Amino acid sequence: MLKENQKPTHRDVVPSVINFLSDELFEGDYKEQPIYLQEIFELLMHTEFGDDINLRQKILSCLRTSRNLAETLSPFSEKQIQKACVSNR
């Protein structure tokens with residue numbers, strides 16, 4: 001109960017990111033996510049829903065974030081990333 005009532009600190013950020021990356025590695029190929037998002041966005045553009053400027057901005061933001069993550073992790077092998085995540089948990 002005490003832990004639940006405590007506010008997160010800046011020291012909690014890195015372990016949370018590591019946990020996120022660890023979970024993502026088991027969900028599929030994160031390096032392909034920008035391509036998947038782009039395909040979805042292109043298909044969506046041809047629908048009535050794709051005409052919503054707010055939705056387009058959100059999708060572009062997600063695509064940019066996904067590309068940045070894939071780009072940041074691209075120099076490393078999946079094995080290196082997994083090893084770093086496991087050793088820093």
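## Helix α4: the outward side

On the other side of α4 from its buried residues, I53, T65, E71 and T72 are exposed. The model is a predicted one. In this helix, I59, L63, S66, A70 and L73 are buried. Seen down the axis of α4, these buried residues fall within an arc of 105 degrees, so they line one face of the helix.

Helix α4 has 21 residues. From first C-alpha to last, α4 reaches 30 Å. That is close to the 30 Å expected at 1.5 Å a residue.

## S66 on the buried face

S66 belongs to helix α4, which covers residues 53-73. Is S66 buried or exposed? Its relative accessibility is 12%, and the cut-off for buried is under 20%. S66 therefore counts as buried.

Which residues does S66 touch, leaving aside its neighbours within four places in sequence? S66 is in contact with Q33, P34 and L37. Helix α3 spans residues 33-44.

## I35 in helix α3

I35 has its place in helix α3. At 42% relative accessibility, I35 counts as partly exposed. I35 and R67 are 32 residues apart in sequence. In space, I35 and R67 are 8.7 Å apart, C-alpha to C-alpha.

## A nonpolar patch at V13, V14 and V17

Which residues form a nonpolar patch on the surface? They are V13, V14 and V17. Together they have about 250 Å² of accessible area.

V14 is found in helix α2, residues 13-27. Its relative accessibility is 52%, and exposed means over 50%. V14 therefore counts as exposed.

## The whole protein

How many helices and strands are there? The protein has 5 helices and 0 strands. Along the sequence, the pattern reads α-α-α-α-α.

The protein has 89 residues, of which 17% count as buried. About 7,600 Å² is exposed by the protein. Carbon and sulfur atoms supply 57% of that area.

Contacts can also be sorted by sequence separation. Take those in the protein with a separation of 6 or more. Residues 24 or more positions apart account for 77% of them. S66 of α4 contacts residues including Q33 and P34.

Methods
Residues are numbered from 1 along each chain as its sequence is written. This is a predicted model: local features need pLDDT of at least 70, side-chain atom pairs count only at pLDDT 80 or more; totals for chains, interfaces and linings use all residues. Side-chain values use heavy atoms; hydrogens and water are left out. Patches are made of residues with over 30% relative accessible area and no salt bridge: like charges are joined within 9 Å, nonpolar side chains (Val, Leu, Ile, Met, Phe, Trp, Tyr) within 5 Å. Accessible areas come from the Shrake-Rupley method with a 1.4 Å probe; for residues, only the protein chains shown count as cover. A salt bridge is a side-chain nitrogen of Lys or Arg within 4 Å of a carboxyl oxygen of Asp or Glu. Helices (H or I, at least four residues) and strands (E, at least two) are DSSP runs, numbered from the N terminus. Buried means under 20% relative accessible area, exposed over 50%, partly exposed in between (1.4 Å probe, protein chains only). Contact means heavy atoms within 4.5 Å. The expected span of a helix is 1.5 Å times one less than its number of residues. The arc is that of the directions from the helix axis to the C-beta atoms.
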